[in-house]
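Please open the model in your viewer and keep the sequence panel beside it, since each stop on this tour begins with a selection.

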Amino acid sequence: MRIADMLSAEIESAEISKNDVIRKTGIDRSTFYQILGNRRMATPAQFLKILDALQPDATNRLLLLRQYERERIGEDKFAKYEKVRTFLRMLSVEDKDGEENSIEAKCPEKIEALIRHALQRNGQIKIRLLLPTELFFSLGLEKVLEENTHKGSNVCVEQMLIDWDGNSDADPMIRGFAGYLKLLERNPDFCVNAWMSDNVIFHAEGTPYPFYMIDEDAMVMFDHTGMNCICVQDQVLIREYTKHFDHLIRNAKPVVTLNRNMAELYQHMTAAVMDEAGHQDQRRNKVSGKIFLLSETPCVWLSTTMEQNKIYFDSEDGLAYGAMLRSLDIIEFSSMERLNRFFDGQRITESGVNMKIRKEHMSILRNSIMSRIGKNLFLLNEEVQPLPNGYVLYLAGNGRMVLTPYKDSRFLVCVQNWNFAKEVYEWFETRVSTVNPEC
């Protein structure tokens, strides 16, 4: 059903006259009837006014908004943006003690035994994995790691993501990407470092055990389902597979990278945007190219002066990080709800900092943030698109994406040469035209 037909049906069910809708919305009569006659597409502002006048229930309102955007941007773009919404929605949903992963996940005994064997060692432990992202979580490997990783242990899982190339369908990557973030957030005592390749890593057709997991002196190979495994004890073969894995990651690019301090985050961000921009304007000391920023609350670094930052941040790394952000062409997205939450709380809770803002600075900061709306701060409608809680999302063009926890910079996720990151970039790029462009 077309959006014009849906609006007509909603007007009829709401028992409100068309004249009343015109009066309440202030839309020109001719324009209004062209919209209902499917001869003209309402602007986002006009469409919201019509919905406010009709006051449909939450379910119908969402259906109307989705159909409106489908017709406004076209079916192809709408399908791409649905993947973006799925990703953001997964980051928005709180994980309930791993319940979702534990329903069907069952780690085969051989794989579980290798993990337990590795985790019982002294010193640094490295578990190397070559397998698809989806299989990592469907097998429940992260659950076994959680149960056996103790505070202070030095455990590193290294994974080559064979399905994270530049041409694969994004759906399994979306699930895996969100899952990695939650895994790292729940388990600070071990890290997961993952890489992807520009080239598809494939195995000859009919290979019975294409995937593997390696510890120092043990290895398990398993099939496409992960449920059928064989143990390998031949040390020569284990060393050969280890060399093969090391060769793969030397020629791969990082997807998930543990970050332990602000200096590392600064270096990763600088490298990402410099590589993306291709050059630096030496006269202005400014990186060219747009960067999109999705933040839980408005970014303090973009709203305050260096003099104010020196009052609140005594870390040279922190000040350098703030200076770096201000040197970039950053377009930030938040919501009015989150701006109000920030104003009410009057606290800086960003990048591990949690402190009260001085009263005399709060009014200055509020004015600075409000003056940025429509310039380099745009508001997304959380009614349509819930925003992730707890993350800052940095996006640059051509498929580069960096994501880090808003309140803790222990780790970051860096995605390169990935089609899905391009889709996220395009999604934000189309929302720069107006405030609340999501309608």
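Begin with the whole chain: this is a predicted model, and of the 439 residues in the protein, buried ones make up 52%. Colouring by secondary structure brings up 18 helices and 17 strands. If you switch to a surface, the protein exposes about 20,800 Å², of which carbon and sulfur atoms supply 47%. Among contacts between residues at least 6 apart in sequence, 73% join residues at least 24 apart.

**The nonpolar cores**

In soluble globular proteins, nonpolar side chains tend to be buried together. Select Ile111, Ile115, Leu141, Met213 and Phe222, which have the most contacts inside the largest nonpolar core, a set of 40 residues. Centre the view on Ile115 and, setting aside neighbours within four places in sequence, you will find Ile115 in contact with Ile127, Leu141, Val144, Leu145 and Met213. Apart from this core lies another, of 24 residues, for which Trp301, Leu302, Leu319 and Ile330 are among the residues to select.

**Helix α4 and its cover**

Next select residues 44-54, helix α4, and show the side chains of Gln46, Phe47, Leu48, Ile50, Leu51, Ala53 and Leu54, which are buried. What covers these buried residues includes α1 (3-14), α2 (18-25), α3 (29-36) and α5, so that adding these helices to the display is a useful next step. After α4 comes Gln55, whose phi is positive, near 50°.

From here, move to helix α5 (residues 58-73) and pick out Glu71. Is Glu71 buried or exposed? At 15% relative accessibility, Glu71 counts as buried, because the cut-off for that class is under 20%. The side chain of Glu71 is joined to that of Gln67 by a polar contact of 2.8 Å. Beyond the neighbours within four places in sequence, Glu71 is in contact with Met1, Arg2, Ile3, Asn38 and Met41.

**Salt bridges**

Side chains of opposite charge can pair when their charged atoms come close. A search of the whole structure finds 10 salt bridges, and three of them are worth displaying in turn. Start with Asp20 and Arg23, whose side chains meet at 3.4 Å, N to O; both residues lie in helix α2, three residues apart, about one turn of the helix. Asp20 is partly exposed at 28% relative accessibility, whereas Arg23 is exposed, with a relative accessible area of 58%.

Then select Glu158 and Lys126, a salt bridge in which the closest N and O atoms are 3.6 Å apart. Glu158 lies in strand β2 (residues 155-161) and Lys126 in strand β1 (residues 125-131), so this pair ties together parts that are 32 residues apart in sequence. Glu158 is buried at 7% relative accessibility, while Lys126 is partly exposed at 30%.

Stay with strand β1 and add Arg128 together with Asp246, whose side chains meet in a salt bridge of 3.5 Å, N to O. This pair links distant parts of the chain, with Asp246 in helix α12 (residues 235-250) and Arg128 in strand β1, 118 residues apart. Asp246 counts as partly exposed at 22% relative accessibility, and Arg128 is buried, with a relative accessible area of 14%. Display Lys126, Arg128, Glu158 and Asp246 together, and you have a network of linked salt bridges.

**The cysteines**

A disulfide is a covalent bond between the sulfur atoms of two cysteines. How many disulfides does the structure hold? The structure holds zero, and selecting Cys229 lets you follow the reasoning for one cysteine: the closest cysteine sulfur, in Cys231, is 7.7 Å from the sulfur of Cys229, too far for a bond. Cys231 is likewise in no disulfide. Cys229 counts as buried at 12% relative accessibility, whereas Cys231 counts as partly exposed at 46%.

**A last stop at helix α17**

Finish by selecting residues 359-372, helix α17, where Asn367 has its place. Asn367 is exposed, with a relative accessible area of 53%. Add Ser303 and draw a C-alpha to C-alpha distance: Asn367 and Ser303 are 9.1 Å apart in space, although 64 residues separate them in sequence.

Key:
Residues are numbered from 1 along each chain as its sequence is written. This is a predicted model: local features need pLDDT of at least 70, side-chain atom pairs count only at pLDDT 80 or more; totals for chains, interfaces and linings use all residues. Side-chain values use heavy atoms; hydrogens and water are left out. Helices (H or I, at least four residues) and strands (E, at least two) are DSSP runs, numbered from the N terminus. Buried means under 20% relative accessible area, exposed over 50%, partly exposed in between (1.4 Å probe, protein chains only). A polar contact is a pair of N or O atoms within 3.5 Å; within protein, one must be able to donate a hydrogen and the other to accept it, and residues adjacent in sequence count only if both atoms are side-chain atoms. Contact means heavy atoms within 4.5 Å. A nonpolar core is a set of buried Ala, Val, Leu, Ile, Met, Phe, Trp, Tyr and Cys residues joined through side-chain atoms within 4.5 Å. Accessible areas come from the Shrake-Rupley method with a 1.4 Å probe; for residues, only the protein chains shown count as cover. A disulfide is a pair of cysteine sulfur atoms within 2.5 Å. A salt bridge is a side-chain nitrogen of Lys or Arg within 4 Å of a carboxyl oxygen of Asp or Glu.
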